[in-house]
Amino acid sequence: MSEIEKFTPQPTADGSFTFKSQEFNELFHSHFGAKQESFLKFVLPTQLTQSAQKPVLRLLDVCYGLGYNTAAALETIWAVNPHCYVELIGLEINPAVPQATITQNLFHTWNSQQTTILSQLAFNHQVQTDYLHAKLLIGDARSSITQVYESGFQADAVFLDPFSPPRCPQLWTIEFIQKVSQCLHPDGLLATYSCAAAVRTALLAAGLEIGSTPPAGRRWPGTVAAYPKQQSGISFSNSLPPLSAQEQEHLQTRAAIPYRDYQLQDPAHIIIMRRQQEQHNSPLEPTSHWRKRWL
C-alpha cells in the first residue's frame, strides 16, 4: 500500500471530508465540519475579505495538510478581487496528505474552481499563474520556517494549524512560534484553532497581542494574533476580540507554561518532559484549581 492509499476519507457534518493521522491519532479536522473550520477558524479571523482589496496578498499556511485552508483563502480572495495577486507558501511534512486529497477527489464538495491549482501544488510543490505564485515546502516545519524567514517573506495572513499541542508540541514552542511571527507582516494577522494557554503564552512572548475567535465545531474558541499598531514610536492596541475573564485567568495558571525547543530539533517526548518539569517547579496556580472555579 502506498503512502497516499493509507488515508481514508472521513465524513464530517458539513458534508466535507477529512483524514485521520495514524501517527498522531487525530483527525485533521473536527467532526463538525472540515470545510467550515477552514473558513471560520482561519479565513474570517485573518480578515481576508478586507485585505483582498490589496493588489498583492501574501499567505503562509503552516501545516498545509489537505490544503483546505489554502483553498478557502483563495476562494475568498478571488471572489472579492479576481485580480488580486497571491503569493503563498505552505509548509507540510508529508506530501502524501495533499496528494491523497486530490486523488480521492475530496474537493468535490467544495465546488472549488481552484482544483487544478491545488493539484499542481500537491504533486509539483509549486504553481505559477497570472494571479498566483505558490510554493509547498516539504519537510520539518522547524527547518522550513527558517528558510521562509531568510527569504524575507512577510505574510498578511498566517494559518497556524498543526496537530494538537499534546500530540505535536514541537510546532507550538516559544522558539517555533517566534520564527513564525517573524514571517508575519507588521499589519498582518495570525490565526489558529488552539486556545491552549501554552500556545497563547508563546504568541505573547513573540511580541503579539492576542484575541479570542468564536468556537467552530469545537468546545473552545480559537486565537487570532497581531503586532501592536505603531505610530510615531508609540504602540497602540489592536481591536482584536477580547479574551474573557476565564481565558485571562487561564494564562495565570501552570497550563500557561510554554513548550520549549531551544535548538528547534528536539523530539516531542523531550519537549513534553521539559515542560512537565517546569510545571512541577512552578509557583503558578494549578490548572485544576482554575478548572474547578470556572467549569
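Reader: What makes you say that both faces of β12 are covered?

Author: This is a predicted model, and here is how β12 comes out in it. G222, V224 and A226 lie on one side, T223 and A225 on the other, and all of them are buried. Buried means under 20% relative accessible area. In a regular strand the side chains alternate between the two faces of the sheet. With buried residues on either side of β12, both of its faces count as covered.

Reader: How many residues of β12 are buried?

Author: Five of its five, and β12 is described as mostly covered.

Reader: How do you know that β12 pairs with β10, and in which sense?

Author: Two strands pair if DSSP finds at least two bridges between them. Strands β10 and β12 (residues 222-226) have three, so they count as paired, in the antiparallel sense. Among the partners, L190 goes with A225 in β12, and T192 goes with T223.

Reader: What about β11, which strand does it pair with?

Author: Strand β11 (residues 209-213) pairs with β12, also antiparallel, over five bridges. At least two are needed, and five bridges meet that. One of the contacts joins T213 to its partner G222 in β12.

Reader: What joins β9 to β10, and do they run parallel or antiparallel?

Author: Five bridges join β9 (residues 155-160) to β10 (residues 184-192), and these strands run parallel. One example is F159, whose bridge partner in β10 is A191. Between the two strands the chain passes through helix α7 (residues 174-182), making a β-α-β crossover that is right-handed.

Reader: What makes that crossover right-handed?

Author: The label is given if, with the strands pointing away from the viewer, the path from the first strand over the helix to the second runs clockwise. The path from β9 through α7 to β10 gets that label.

Reader: Why is L295 called exposed?

Author: Exposed means over 50% relative accessible area. L295 has 52%, so it counts as exposed. L295 sits in the segment after α11 (287-294). Together with W220 and W294, L295 forms a nonpolar surface patch with about 300 Å² of accessible area.

Reader: And what makes helix α1 mostly covered?

Author: Seven of the 10 residues in α1 (residues 34-43) are buried. Those buried residues are A34, E37, S38, F39, K41, F42 and V43.

Technical notes. Residues numbered from 1 in each chain as written. Predicted model: local features only at pLDDT ≥ 70, side-chain atom pairs only at ≥ 80, totals over all residues. Heavy atoms only, no water. Helix = DSSP H or I, 4+ residues; strand = E, 2+ residues; numbered from the N terminus. Buried < 20%, exposed > 50% of the residue type's maximum accessible area, 1.4 Å probe, protein only. Patch = residues over 30% accessible without salt bridge, like charges linked within 9 Å, V, L, I, M, F, W, Y side chains within 5 Å. Areas by Shrake-Rupley, 256 points an atom, 1.4 Å probe, with all protein chains shown as cover. Salt bridge = Lys/Arg side-chain N within 4 Å of Asp/Glu carboxyl O.
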